[in-house]
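User: I should like to go through the terms used for this model and have each one justified. Please set every value against its cut-off.

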Amino acid sequence: MNDFLYYSPTEFIFGHNAEAQTAEALARHGARRVLIVYGGGSIVRSGLLDRVTATLRERQIPYALLGGVQPNPLDDKVREGIALARREKTDFLLPVGGGSVIDTAKAIACGVPYEGDFWDFFSGKRAVEEALPVGVVLTIPAAGSEASGNSVITLRQGMQKLSLRTPRALRPRFAVMDPELTFTLPPEQTAAGIVDMMVHIFERYFTNTPDCSLTDRLCEGALCSIVEEARRLLHDPRDYGARANIMWAGTIAHGGICGTGRQEDWASHFMEHELSALYNVTHGAGLAVIVPAWMEYIAGEKSGKLAQFARRVMQVPDNGDTLVDAREGIRRLKAFFRELGMPLTFREIGAREEDIPELVRRLHLHKGPVIGAFRPLGPADTEAIYRLACRQ
Ligand code: NZQ
Ligand code: ZN
């Protein structure tokens, strides 16, 4: 196990009608003027925005509103938000929504006190030293941004989708999580969120770091539970218990605990971010296409850990042959993604095989000549994986 520093300051307010505690949480964390950030209108239609703003009015906390954040959020909205927050003298960001909304709020939070262009943080030109505090009301379990120090934004010019990773500055102060808020999710968003959280665990689970049995078991336990609860949700999307487990799993998957003491990978995420930048595909759907292809590509060299995953998570009987079991695990994972209604091929997400050279060029331009750690991947490898993803 590697040495590590694990910092997780977020207060989680979880359960029935948790959103009623939003203003109380804001007050506890010192908010005086709030900017509420939201997406394309799901929280207006569900009445959540009204309920949340009512709690702020009751506590006499002034707020301004910034709506219209789109999935795979763009820099334009961040710039609009920075200008608005400065005009309104905002001192606390309250995103109400999913990863796209939370990430936009985080980018605004570090952009407001900075004199230069906020993109400097994403391009790696500057490190974030100061940011306004962020508190979250989560409406979709998926990206795990409610517990991460990360923000993922796409620069419209060049459609560059980059993630900013700050170990400290951008971790939310609190996250309000009411599983019932997720009842209104379209099935494909529920499913994409489930894939995303599973892959957040894979990115940590598939490691070469030795002596990580505790975190291996944490990862495997969380994955087994996600598969079980996802099946309950397929049967009944209004099953509160299943929604609650899935919601908390999304946080566990990306809050950092599953990655403690081990080298993480992230190649699949980097490969997917190029797809969602180029085709505006839903992040989890893009991952469902990339991850099985990545597993198949590395199976020959990495059959030991893949077989462990197959046996412990996908319930493959131990045949004594790691490669055979690894392949059966991948087959079962693909079948599970299909059960969820997720795509598995380029064609199904509107991606084109003829764009692969461009995807590979952009990927390595943005992420460096070699990506990943479990099996480091150069351009010939990533091209082969994208090609496998056209065919599976
Ligand atoms: O915009 P509205 O109208 O609210 O609709 C949203 C959106 O269309 C809808 N939705 C959310 N909650 C709902 C709901 N519809 C009905 N009922 C509800 N309760 O769902 C759609 C997707 O929302 P989005 O915020 O895009 O989803 P998600 O949480 O999956 O976030 C995806 C973004 O997060 C990034 C992804 O790349 C992508 O840009 N990621 C962020 C990470 C981080 N910050 O740590 C890590 C991840 O790996 C990921 O890359
Ligand atoms: Zn993700």
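Analyst: The discussion below concerns a predicted model and takes up its ligand, its metal site and selected residues.

User: What makes Gly40 and His200 part of the surroundings of ligand 1?

Analyst: A residue counts as near a molecule if one of its heavy atoms lies within 4 Å of it. There are 31 residues around ligand 1, and those that come nearest are Gly40, Ser42, Gly99, Ser100 and His200.

User: Which residues have polar atoms facing ligand 1, and why are these pairs called polar contacts?

Analyst: A side-chain atom of His273 lies 2.9 Å from an oxygen atom of ligand 1. A polar backbone atom of Gly41 is 3.1 Å from an oxygen atom of the ligand, and a backbone N or O atom of Asn150 is 3.2 Å from a nitrogen atom of ligand 1. The cut-off for a pair of N or O atoms is 3.5 Å, so the pairs of His273, Gly41 and Asn150 with ligand 1 qualify. As for the ligand's surface, ligand 1 taken alone exposes 960 Å², of which the protein buries 90%.

User: What is the make-up of the shell around ligand 1, and where in the chain do its residues come from?

Analyst: The shell holds nine nonpolar, 19 polar and three charged residues. Helix 5 (99-111), strand 6 (150-155), helix 7 (187-205) and helix 10 (267-279) each contribute at least two residues to the shell. Domain 1 (11-181) and domain 2 (186-391) each provide at least three.

User: How do you know which residues coordinate the zinc ion (ligand 2)?

Analyst: Donors are N, O and S atoms within 2.8 Å of the metal, the limit that applies to zinc. Asp196 (OD), His200 (NE2), His269 (NE2) and His283 (NE2) coordinate the zinc ion at 2.0 to 2.2 Å, so these atoms meet the criterion. Along the chain, the donors follow the spacing D-x3-H-x68-H-x13-H. Asp196 in helix 7 and His269 in helix 10 are 73 residues apart, a pair that links distant parts of the chain.

User: Why are Asp196 and His269 called buried?

Analyst: Buried means under 20% relative accessible area. Asp196 has 3% and His269 has 5%, so both residues are buried.

User: What makes Thr207 buried, and which side chain does the side chain of Thr207 contact?

Analyst: Thr207 belongs to the loop between helix 7 and helix 8 (213-235). Its relative accessible area is 7%, under the 20% limit, and therefore Thr207 is buried. The side chain of Thr207 makes a polar contact with that of Thr209, at 3.1 Å.

User: Asn72 and Lys89 both have a positive phi. Are they buried or exposed, and why?

Analyst: Asn72 is not a glycine, yet has a positive phi of about 55°; the residue lies in the loop between strand 3 (63-66) and helix 4 (75-88). Lys89, likewise a residue other than glycine, has a phi near 55° and sits in the loop between helix 4 and strand 4 (92-97). Asn72 has a relative accessible area of 10%, under 20%, so Asn72 is buried. Lys89 reaches 62%, over the 50% limit, and therefore counts as exposed.

User: Why is Ile108 called buried, and how far apart are Ile108 and Phe118?

Analyst: Ile108, located in helix 5, has a relative accessible area of 0%; the limit is 20%, so Ile108 is buried. Ile108 and Phe118 are ten residues apart along the chain, and their C-alpha atoms are separated by 7.9 Å.

User: Why are Thr322 and Arg331 called partly exposed?

Analyst: Helix 13 (residues 322-339) contains Thr322, and Arg331 is also in helix 13. Partly exposed is the class between the 20% and 50% limits. Thr322 stands at 30% and Arg331 at 47%, so each falls into that class.

User: What is known of the contacts and distances of Arg331 and Thr322?

Analyst: A polar contact of 2.8 Å joins the side chains of Arg331 and Glu328. From C-alpha to C-alpha, Arg331 is 34 Å from Gln70, with their positions 261 residues apart in sequence. Thr322 and Pro172 are 150 residues apart in sequence and 41 Å apart in space by the C-alpha positions.

Note on methods: Residues are numbered from 1 along each chain as its sequence is written. Chains are lettered from A and ligands numbered from 1 in the order in which they are written. This is a predicted model: local features need pLDDT of at least 70, side-chain atom pairs count only at pLDDT 80 or more; totals for chains, interfaces and linings use all residues. Side-chain values use heavy atoms; hydrogens and water are left out. A polar contact is a pair of N or O atoms within 3.5 Å; within protein, one must be able to donate a hydrogen and the other to accept it, and residues adjacent in sequence count only if both atoms are side-chain atoms. Accessible areas come from the Shrake-Rupley method with a 1.4 Å probe; for residues, only the protein chains shown count as cover. Helices (H or I, at least four residues) and strands (E, at least two) are DSSP runs, numbered from the N terminus. Ala, Val, Leu, Ile, Met, Phe, Trp, Tyr, Cys and Pro count as nonpolar, Asp, Glu, Lys and Arg as charged, and the others, Gly among them, as polar. Domain bounds come from an automatic or database domain assignment. Donors are N, O and S atoms within 2.8 Å of the metal (3.2 Å for Na, K and Ca); water is not among the atoms, so sites may look incomplete. Buried means under 20% relative accessible area, exposed over 50%, partly exposed in between (1.4 Å probe, protein chains only).
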